[in-house]
Amino acid sequence: MGLGLLASRAFRSRVLSRNAFIRTIVSTPDLHKPEAVAEAAPVEVNRSPIAGARVHFPNPDDVIEVFVDGYPVKIPKGMTVLQACSVAGVDIPRFCYHDRLSIAGNCRMCLVEVEKSPKPVASCAMPALPGMKIKTDTPIAKKAREGVMEFLLMNHPLDCPICDQGGECDLQDQSMAFGSDRGRFTETKRSVVDKNLGPLVKTVMTRCIQCTRCVRFATEIAGVQDLGMLGRGSGEEIGTYVEKLMTSELSGNVIDICPVGALTSKPFAFKARNWELKGTETIDVTDAVGSNIRIDSRGPEVMRIVPRLNEDINEEWISDKTRFCYDGLKRQRLNDPMIRDGDGHRFQPVSWRDALAVVAEVINQVKPEEIVGVAGKLSDAESMMLLKDFLNKMGSNNIWCEGNGKNMNADLRSEYLLNSSISGLEKADCFLLVGTQPRVEAAMVNARIRKTVRATQAKVGYIGPPADFNYDHQHLGTGPETLVEIAEGRHSFSSALSSAKNPAIIIGAGIFERDDKDAIFSVVQSIAFKHKNLIRPDWNGVNVLLLNAAQAAALDLGLVPESDNSIESAKFVYLMGADDVDLDKLPKDAFVVYQGHHGDKAVYRANVILPGAAFSEKEGTYVNTEGTVQQTVPAVPTVGDAREDWKIIRALSEVCGVSLPYDTISGVRSRIRTVAPNLLHVDEREPATFSGSIKPEASGKVSATPFGVTVDNFYMTDVITRASKIMAQCSMTLKK
């Protein structure tokens with residue numbers, strides 16, 4: 001009898017070892033008893049709101065009180081259970097829910113227990129009701145989430161070692177909390193064909209969990225109907241309805257919002273793991289918006305750029321140009337000072353001492369009125385301040401910034417700023433776009449306008465060449481004569497401006513290059529005078545949308561030339577990163593100094609090259625189109641023998657015998673304080689004090705010439721993007 005018992009035990013152990021993957025499933029009916037839930041030990045949680053969230057009560061009468069794990073929380077009526085939990089400091093797991101997208105409620109990961117509810121409820125889709133008692137950490141809620149996780153992992157491939165999302169994957173994080181070490185499903189995992197969305201977004205659709213975040217983002221934020229859900233049941237998958245690329249200028253944001261590795265960055269694929277990277281919080285300078293970004297670098301190389309949250313400027317999105325231009329920072333760079341040789345065909349690398357000596361010798365032989373300085377699109381305020389001071393000491397005041405035009409008037413800040421502010425555009429209920437195409441000139445401003453149009457059905461009128469907008473608009477005309485008709489009340493859109501509570505006129509900075517710009521601004525001011533609701537103490541609806549990062553700071557510092565035709569009579573031209581300035585009328589015997597970080601257009605005309613630092617390699621101050629002052633932070637070291645722009649000009653002034661009286665960045669900023677003190681108030685917006693209504697009317701008449709296209713190619717607008725291989729691929733495949 002003893003031998004038989006031993007034999008049966010040995011047989012049973014052999015079977016168990018052969019089938020070691022079998023897990024015994026035990027039901028737990030006790031969990032459904034309220035007594036068991038009540039006996040669960042309370043867990044102490046942090047009661048401060050998640051991510052520092054602030055609760056705004058528009059109407060004090062609409063405040064309701066709910067209880068999250070026994071903790072009372074006051075929230076506005078209309079909030080969901082998930083939002084109430086966030087205010088209470090309880091983080092609810094989620095995959096499909098996103099703060100800026102519509103509610104889908106299809107992942108069921110956010111299940112919580114609500115008193116008197118027969119089963120767990122999806123907290124993202126359940127509105128909070130007065131007195132509701134929410135329990136987030138009970139055994140029932142935990143078991144429900146474990147069940148959801150088991151279903152999600154049923155078809156998810158074991159790709160973590162080769163997945164670019166590894167280390168920053170929501171599914172990884174949640175499976176650590178709610179996942180099991182084995183599954184009960186023995187069926188074959190399904191597989192899905194990868195989609196081609198273009199050169200920016202890599203797809204591995206087998207990893208997709210059908211949260212539909214990308215579909216909602218494309219439809220609601222980007223305004224393109226490119227993505228959708230196809231099929232039913234186990235054959236359900238996300239893709240394009242017909243074979244096409246994702247053509248939005250914001251398409252890269254689907255990489256950030258995808259909770260798994262289904263949508264990842266194609267240029268960044270297999271380059272690095274996120275824990276290998278050093279993050280540096282800085283700003284973008286490829287347009288005038290100044291989007292807040294984080295540069296991730298490894299050693300001396302920028303590996304990727306991702307957005308940073310800033311509710312007033314870019315929210316949590318960035319344009320594709322901002323996100324993917326980083327490879328241009330390592331191509332076509334200027335490493336050493338160079339001088340063109342005697343035959344004028346080749347550049348010879350020289351020392352800084354020799355290069356500065358040659359420049360000083362030439363500039364001291366030229367008359368002051370023949371000296372011209374041009375600041376480039378990406379110039380920071382410190383370097384422009386030194387360029388102005390240096391050329392002023394040499395006797396010249398012919399200094400300007402690219403994009404601002406020759407005879408620009410910088411007296412009134414309201415004439416070159418987005419006075420409503422970027423976030424303030426959400427209050428507008430009628431837009432008039434004059435000679436501007438925000439979708440390619442400032443993608444994040446265009447996203448705000450689209451957000452407003454979707455939320456309030458605001459009317460949009462557009463004057464300019466035919467353009468592709470991603471929201472409903474009326475094309476009123478192509479030239480300034482349409483603007484005159486609105487000013488005189490002869491156009492149907494003037495009634496829309498009159499009936500609007502907060503109308504906004506947005507003028508494109510391309511008008512700065514027109515001869516009749518003063519007359520156009522005068523017509524806009526007459527519209528503002530006629531429609532009193534355009535400019536009020538609490539609202540200024542007359543806006544200018546700038547194109548470049550350096551424009552606002554240049555005008556604040558007074559970089560306005562004395563002569564309109566200074567370039568035609570110049571004998572010495574100092575180009576500080578200025579590559580798009582027209583040098584066709586420049587005399588052939590003029591001496592050109594190019595100071596910059598990329599070998600672009602202007603290098604071919606230069607006699608001396610002085611290598612500078614890119615925005616990712618220096619500390620510099622920039623002012624965005626709404627007047628907010630922000631600073632870049634160095635993320636990687638400079639390339640070769642390059643130097644920061646202000647240091648180059650400071651050294652050159654000493655060699656020329658007119659030393660500037662500051663040696664440090666703080667000294668430069670002390671000088672800026674005397675010229676434009678607003679440039680020292682970092683992360684603050686300095687609104688314009690006076691409106692353009694105090695300016696006398698222009699005597700000239702508007703031209704009949706229609707408004708032109710300011711930005712031909714969204715993906716290539718400056719030296720960094722033109723040097724980028726990724727942007728070249730985008731131009732080839734996505735540009736229409």
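Here are some worked exercises on the predicted model shown above.

**Exercise 1. Aromatic pairs**

Task: Find how many aromatic pairs the structure holds, and classify the pair of tyrosine 462 and phenylalanine 469.

Solution, step by step:
- A search of the whole structure turns up seven aromatic pairs.
- For tyrosine 462 and phenylalanine 469, the ring centres are 4.8 Å apart and the planes meet at 65°.
- Planes over 60 degrees apart count as edge-to-face, so this pair of tyrosine 462 and phenylalanine 469 is edge-to-face.
- Both tyrosine 462 and phenylalanine 469 are buried.
- Tyr462 and Phe469 also belong to one aromatic cluster with Tyr471.

Now try another pair. How are the rings of phenylalanine 714 and tyrosine 715 arranged? Their centres lie 5.1 Å apart with the planes at 75°, so this pair is edge-to-face. Phenylalanine 714 is buried, and tyrosine 715 is buried too.

**Exercise 2. A charge over a ring**

Task: Find which residue lies over the face of phenylalanine 529, and at what distance from the ring centre.

Solution: Look for lysine 532, which sits over the face of phenylalanine 529 at 4.0 Å from the ring centre.

**Exercise 3. Salt bridges and burial**

Task: Take the salt bridge of arginine 323 with aspartate 256, and work out where its partners lie.

Solution, step by step:
- The structure contains 44 salt bridges.
- In the one between arginine 323 and aspartate 256, the closest N and O atoms are 2.6 Å apart.
- Arginine 323 is in helix 8 (residues 320-324) and aspartate 256 in helix 7 (residues 253-257); the pair links distant parts of the chain, 67 residues apart.
- Arginine 323 has 4% relative accessibility and therefore counts as buried, the cut-off being under 20%.
- Aspartate 256, with a relative accessible area of 35%, is partly exposed.

Task: Repeat the reasoning for arginine 294 with aspartate 296, and for glutamate 301 with lysine 330.

Solution, step by step:
- The closest N and O atoms of arginine 294 and aspartate 296 are 2.8 Å apart.
- Arginine 294 is partly exposed at a relative accessible area of 29%, while aspartate 296, at 3% relative accessibility, counts as buried.
- Between glutamate 301 and lysine 330, the closest N and O atoms are 2.6 Å apart.
- Glutamate 301 belongs to strand 12 (residues 301-307), and lysine 330 to the loop between helix 8 and strand 13 (338-340), so their salt bridge ties together parts 29 residues apart in sequence.
- Glutamate 301 is partly exposed, its relative accessible area being 30%.
- Shared partners also join Arg100, Glu311, Glu315, Glu316, Glu426, Arg448 and Lys451 into one network of salt bridges.

**Exercise 4. Checking a helix**

Task: Test whether the span of helix 4 (residues 139-154) agrees or disagrees with what its residues should give.

Solution, step by step:
- Helix 4 has 16 residues, and at 1.5 Å a residue they should span 22 Å.
- The end C-alpha atoms of helix 4 are 22 Å apart, which agrees.
- The buried residues of helix 4 include Ile140, Ala144, Val148 and Leu152.

A record adds an annotation: UniProt lists residues 140-179 as "domain: 4Fe-4S His(Cys)3-ligated-type", in an unreviewed entry. In the model, residues 140-179 are 60% helix and 0% strand, with end C-alpha atoms 15 Å apart.

**Exercise 5. Following strands**

Task: Trace the partners of strand 11 (residues 292-298), and decide how enclosed this strand is.

Solution, step by step:
- Strand 10 (residues 278-283) runs antiparallel to strand 11, and six bridges join them.
- Isoleucine 283 has asparagine 292 of strand 11 as its bridge partner.
- Strand 11 also pairs with strand 12 in the antiparallel sense, over six bridges.
- Here isoleucine 295 has isoleucine 305 of strand 12 as its bridge partner.
- The hairpin of strand 11 and strand 12 has two residues between the strands, and glycine 299 takes a positive phi near 65° there.
- Five of the seven residues of strand 11 are buried, so the rest of the structure largely encloses this strand.

Task: In the open sheet ordered 2-1-5-3-4, find which strands stand at the edges.

Solution, step by step:
- This sheet has five strands and mixed pairing.
- Strand 2 (71-76) and strand 4 (121-122) are at the edges; each has a single partner strand, so one side of each lacks a neighbour in the sheet.
- Strand 2 pairs with strand 1 (residues 63-68) in the antiparallel sense over six bridges.
- Proline 72 in strand 2 stands opposite phenylalanine 67.

Note on methods. Residues numbered from 1 in each chain as written. Predicted model: local features only at pLDDT ≥ 70, side-chain atom pairs only at ≥ 80, totals over all residues. Heavy atoms only, no water. Phe/Tyr/Trp six-rings, centres within 6.5 Å; stacked < 30°, edge-to-face > 60°. Buried < 20%, exposed > 50% of the residue type's maximum accessible area, 1.4 Å probe, protein only. Lys NZ or Arg CZ within 6 Å of the ring centre and 35° of its normal. Salt bridge = Lys/Arg side-chain N within 4 Å of Asp/Glu carboxyl O. Helix = DSSP H or I, 4+ residues; strand = E, 2+ residues; numbered from the N terminus. Expected span 1.5 Å × (residues − 1). Pairing = 2+ DSSP bridges. UniProt positions renumbered as here; feature names shortened; annotations may be inferred.
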